[in-house]
Amino acid sequence: MLVYQISLHGSAYDARDKTWETIYSESLCKPHTSWLDPVHNRTILKGEFGCSVSHLRVWEKIANSNSNGIILEEDAVYDSIDTDNVDKLLNSHDSVWLGYRLNDMGYWYNCHAYAITPDTARLLIQDFKDSIIPVDEWVPMKLKHKHNYFYKEEVVTQIPRSTRPSTIEEEENSMMNPSKINIITVATDETKMWPLSQSCDRHQINLVNLGKGDSWKSEMEGYDGLRKIELVKKLVKDLAKDEIVLFVDGYDTFFTEGYETVVQRFIDFNVDILFGAEQECWPVTNDQSYKNKWPDMLTPYRYLNSGLYIGYAGALYDFFDLPSTDDNGDDQLYCQSRYLSKYEDFPYTVTLDYEGYIFQNHDTSIRKVNNQLWNDRTNCCGCIYHGNGGKSEKDFFYKLAKEFGYKELTSPLTSTNRDLDYKEVAQDLLVTKLLSESECKDLIAKSDALGGWGNLDGDKFPAQEIRLKKLGLWKQYEALWRDRLFKICEKHWKPVEYMGLRDAFTMRYAMDTQKSLGLHTDASLITGSVKLNDNYEGATLYFPRQGFTNLDVPVGSCILFPSQVTHGHYVDELKSGVKYSLTMWTSRYVGDEN
């Protein structure tokens, strides 16, 4: 047994005085953006985040060492610890708590002194890296149904707060509250916004479409678009003045970073409203005197573009409420005239993103580098790309969107078998037609284009996988389960209930990476498995208890099975070629999502 101390004077990760952008890049971890403290109703603090990352790093050491470990935070106080007794207790328990507190919400908290096994460490690691919450909340939630031992009398106490105040609970270091961030667009035809929709799915961005159901229709080929301003103004009127509003055009934009990075960079600008900047002076293209009004900022991007902007609700309402000018009904000319006006009594600061630090408007020199939007001219990686312009600009936009893995796909809900037909091929093993051959090929191409095949940290049965959330397809497949696949499950396994899609990912078996997968069950209520191709040998999916394999199951058909106890399965060794498959897990209880 090893003892690990988490201390800011040692190797603990200190996030307190860093920007969230720096924290993400250094820790390679991300916060759970919708989590709120159950007592204080706030998002995670930087100190809490750093503490959680420090615990995660210790769990990884314990998991890799295959030795039990005791974890002590730097404010732990004790006379002695009988490590032999702790080790003995871990023979029959998943965790041992040397110090803890009980709260009014029915669980223990305070991770200042506890011991865990390598298996428990692997359980705690699972799903944590990309959804960090305070360890005091995470650990009891993950170990709720495990065998935990609590000493009747605390062996390890903490230094009292009156003697030593907390070094992590500083309110000003809290993450931006997602409830005060409004990410919006205006799109009356949602089929045209597939790059934006898929990028929002990938980066877990809650996008609100103000144009849904609106009667305004336009190809935006000339002066037009004032309706977008009207809809935004109506929204911000009812928001608190300090709420942040991020607007993106609907049909020709996509995200390459999460909203946290966008908001943090906006805060770094220290302004009230920030617009994107572009190279062309649209829509006033032939008036040199008008062009001369715009200052030269030593970058190619000089003129305001209204397709991307961010600001505080109060400032935006006042900006859009300024006296009307002859704007010809065009949203960009409207915003440009406001920006250039020498208006009086406007208490807010407005500027343009001249370097493409957040907003990157059309530029054919932009390229994808390490999944980021790289600009050689300004040496910046933007967060959102906007393909503003005509046909050639749109062609470049779609080309770039596809390089990032976004692709216009026919929805499985519209092109595949919609009925509830299925066949029971073995005991509680169902097969139903699901995807067409072309949809399977599209899913393979989309996965390979995105790249980054790999396994989840702490996975006992690691595989080469890519999450559908990263592919921007989560909502499509979530709807597919809700509207069809689980209706089949409810029909066959009544009274089973659908509680949501837990996880979905493509898998890849290749001769130079992973060739097989050991016998296991899934962390899923009901699993769906789809063979995406058949031009390979070996890598057959086996269900030994049921005496069934997927060898003769057609490409695109889905195998459905209850997956926690009775339907252990494995994949035998690949002999040649590359195998692709799709695996989908459903939630075991409400809120169970990977």
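Visitor: What makes the approach of the Tyr385 side chain to the backbone nitrogen of Asp363 a polar contact?

Guide: In this predicted model, the side chain of Tyr385 comes to 3.3 Å from that nitrogen. The cut-off for a polar contact is 3.5 Å between N or O atoms, one able to donate a hydrogen and the other to accept it, so the pair counts as a polar contact. Asp363 is also one of the residues in contact with Tyr385, along with others including Phe254, His362, Ile366 and Phe397.

Visitor: Is Tyr385 buried or exposed, and how do you know?

Guide: Tyr385, which lies in strand 21 (residues 384–386), has a relative accessibility of 0%. Buried means under 20%, so Tyr385 counts as buried.

Visitor: Why is the packing of helix 2 and helix 5 called what it is?

Guide: The axes of helix 2 (residues 46–65) and helix 5 (residues 135–142) are 9 Å apart and meet at an angle of about 45°. Under 35 degrees would be roughly parallel, and 65 to 115 roughly perpendicular; an angle of about 45° fits neither, which makes helix 2 oblique to helix 5.

Visitor: Which residues make that contact, and what is its make-up by class?

Guide: Helix 2 brings Cys51, Ser52, His55 and Trp59, while helix 5 brings Val135, Trp138 and Val139. By class, that gives five nonpolar, two polar and no charged residues. Cys, Trp and Val count as nonpolar, whereas Ser and His fall among the polar ones.

Visitor: What makes you say that helix 5 is largely enclosed?

Guide: Six of its eight residues are buried, so helix 5 is largely enclosed by the rest of the structure. The buried ones are Val135, Glu137, Trp138, Val139, Pro140 and Lys142. Their cover includes helix 2, strand 4 (95–97), strand 6 (108–109) and helix 4 (118–125).

Visitor: What makes a group of residues a nonpolar core, and which residues have the most contacts inside the largest one?

Guide: Its members must be buried residues of kinds such as Phe, Trp and Leu, joined through side-chain atoms within 4.5 Å. The largest such core has 48 residues, and Phe275, Trp294 and Phe320 have the most contacts inside it. Elements that each supply at least two of its residues include helix 7 (226–237), strand 15 (303–312) and helix 12 (391–403). Another core, of 36 residues, lies apart from it, with Ala12, Ile23, Leu56 and Leu143 among its members. As for Trp294, it touches Tyr303, Leu340 and Leu352, among others.

Visitor: Asn370 and Ala539 both have a positive phi. How do you know whether each is buried or exposed?

Guide: Each has a phi of about 50° although it is not a glycine. Asn370, in the loop between strand 18 (367–369) and strand 19 (372–375), has 71% relative accessibility; exposed means over 50%, so Asn370 counts as exposed. Ala539 sits in the loop between strand 28 (536–538) and strand 29 (541–543). At 0%, against a buried limit of under 20%, Ala539 counts as buried.

Visitor: What makes Gly556 count as it does, buried or exposed?

Guide: Gly556 is in the loop between strand 30 (548–549) and strand 31 (557–562). Its relative accessibility is 1%, and under 20% means buried, so Gly556 counts as buried. Its contacts include Leu434, Cys440 and Val530.

Visitor: Where are Pro283 and Pro495, and what kind of peptide bond joins each to its partner?

Guide: A cis peptide bond joins Trp282 and Pro283, with omega about 5°, and Pro283 lies in the loop between strand 14 and helix 9 (288–291). Another cis bond joins Lys494 and Pro495, with omega about 10°; Pro495 is in the loop between helix 16 (474–492) and strand 25 (501–509).

Technical notes. Residues numbered from 1 in each chain as written. Predicted model: local features only at pLDDT ≥ 70, side-chain atom pairs only at ≥ 80, totals over all residues. Heavy atoms only, no water. Buried < 20%, exposed > 50% of the residue type's maximum accessible area, 1.4 Å probe, protein only. Helix = DSSP H or I, 4+ residues; strand = E, 2+ residues; numbered from the N terminus. Contact = heavy atoms within 4.5 Å. Axes fitted to C-alpha atoms, helices over the stretch in contact; angles between N-to-C directions. Parallel < 35°, antiparallel > 145°, perpendicular 65-115°, else oblique. Lists of a residue's contacts leave out its neighbours within four places in sequence.
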